[in-house]
Amino acid sequence: MTNETNKHQKIERVKPSLFFGNTRRILNNPVAFLGDMTKHYGPVLQINITRKKYLILQDPVVIKHVLSDNHRAYSKFGITKILRVFFGEGLVTSNGELWIKKRRLIQPAFHIQKITHSLNIINEEISSFIRKLNILPSGKQINMSHEMLKLNVSIINRSLFSNTNKEEMKSMILILEYLSNFAAKWMKSIIKIPLNWPTSSNIKFHKKCKEYDRIIYAMIERRRVFNKEKTGPPHNDLLDMLIEGIDNNLKDETANKKLRDDITTMFMAGHDTTAQTLSWIFYEIAKNKEISSKLHQEATEVLEKESLELEDLSKLEYTNKVIKEGMRRYPSISAIQRRPIKEDVFKGITFKKSAHLLINIYGMHHHPEYWDTPELFDPERFSVEAEQQRPPFVYLPFGGGPRRCIGSNFAMMVMQVVVSSLLKSFHFEIPKGYKPIIVPNITIKPKEGIPLIVNKA
């Protein structure tokens, strides 16, 4: 063990407020709360939330130990009952051997051959979106958040399902938006009404879950019939791969339920977080003409053809810096949770079995010890030299360790294509007087979306 590992750390205690400890404070504005923790407290601190003691981790060495070095000693938790009701046992919510099996099943979807196929889909969808913007008169205002959501839904729809009924997809999006808002409201409530109580809101929640399940199970059944009858060429999409993998390993009536859980996790995780990150990135681009100009110049040099090819992505050096800084400034997930499977001791801290650990991603991304003027949007933080000097596990846009987001490369590819393609053809401005309001939800969202003015480059 190194001296750094042996060095003991002190657990600081956050002074509770008069009523409900710090529960009301963190539930009302978790983003501001998590940012304050790194400004005013040390590496590990204890806080009471809804009568439970949490240890907040904001030291990269401790975080690395929990997420990577000794990850087998910790399970993922904090996916509250309300999310587990909806997600089931998908990749995000599962632990142990079940998680390992699911990871192995889904991993091939992100191999190089599949990524190349997905790049073609992304190019086609962004080309369609550019044609749509070109029809608009110069100076037209759009809601960038809404547009990015629709664009990402189209990309995920084709990548996961090849294509599906447009009305079904529209219904799925509306249901997911409702469930996301319902879950956020439920989690912010100090007194949580059990989901099985027959309140009007609970009844509506379960009704929406059933509507969503009806659509997903219908899609699965149609694909099974298509594959059995072989009325056309195989789709070779993620749905085909999941059906094949689960059917080869599971021969009972739970197969469709497991398919439903995996599809839901991939769809929900894939479309919303990327869309929100892109809307924040375009907001920052619109604020800074120098950044916009550099992106336009790079896109013009790299995008000599109409669409990007795989080898072009590595040439988008400045674009990558802007995207990484966007994910630092506005991480889609502000914190993740872990629970020790058994007692673990590290750096003099005893993590008791079933303790509640909260890894402060938003706080680490704004930690004044690792980022100068952390509220400033500065892509040069991600120059090669700056990244080499920064300790690992300070920057966690996709989590870390073996449970790092399986779709991180796909998400980066989507953002690279979208940012470079749009900045080649357009530049964006912020409407006079507009300032976004962050709404801490399942993801960090701008209230009512981000309006931007579109001008042809």
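**Exercise 1. Determine which residues of strand β10 lie on its covered face and which lie on its uncovered face, and then find how the strand is joined to β13.**

Step 1. Strand β10, residues 426-429, has F426 and F428 on its covered face, whereas H427 and E429 make up the uncovered one. Helices (H or I, at least four residues) and strands (E, at least two) are DSSP runs, numbered from the N terminus. The model is a predicted one, in which local features need pLDDT of at least 70 and side-chain atom pairs count only at pLDDT 80 or more, while totals for chains, interfaces and linings use all residues. Residues are numbered from 1 along each chain as its sequence is written, and side-chain values use heavy atoms, with hydrogens and water left out.

Step 2. Strand β13 (residues 451-456) runs antiparallel to β10, and 4 bridges join the two; strands pair if DSSP finds at least two bridges between them. The bridge partner of E429 in β13 is I453.

**Exercise 2. Starting from I453, work out how K140 is placed.**

Step 1. K140 and I453 are 313 residues apart in sequence, yet their C-alpha atoms are 5.5 Å apart in space. K140 itself is found in strand β5, residues 140-143.

Step 2. Leaving aside residues up to four places away in sequence, K140 touches L452, I453 and V454, where contact means heavy atoms within 4.5 Å.

Step 3. K140 counts as partly exposed because its relative accessibility is 39%; buried means under 20% relative accessible area, exposed over 50%, and partly exposed in between (1.4 Å probe, protein chains only).

**Exercise 3. Describe the packing of helix α14 against helix α17, and then the surroundings of T319.**

Step 1. Two packed helices are described by the angle between their axes and the distance between the axes. For α14 (residues 317-329) and α17 (residues 408-425), the axes come within 10 Å and cross at roughly 115°; axes are lines fitted to C-alpha atoms, for helices over the stretch in contact, and angles run from 0 to 180 degrees between N-to-C directions.

Step 2. The contact is made by T319, N320, I323 and M327 of α14 together with M412, M415, Q416, V419 and S420 of α17.

Step 3. T319, which lies in α14, is buried because its relative accessible area is 0%. Not counting residues up to four places away in sequence, T319 touches L295, E298, Q416, V419 and S420. The side chain of T319 also makes a polar contact with the side chain of E298, at 2.6 Å; such a contact is a pair of N or O atoms within 3.5 Å, and within protein one must be able to donate a hydrogen and the other to accept it, while residues adjacent in sequence count only if both atoms are side-chain atoms.
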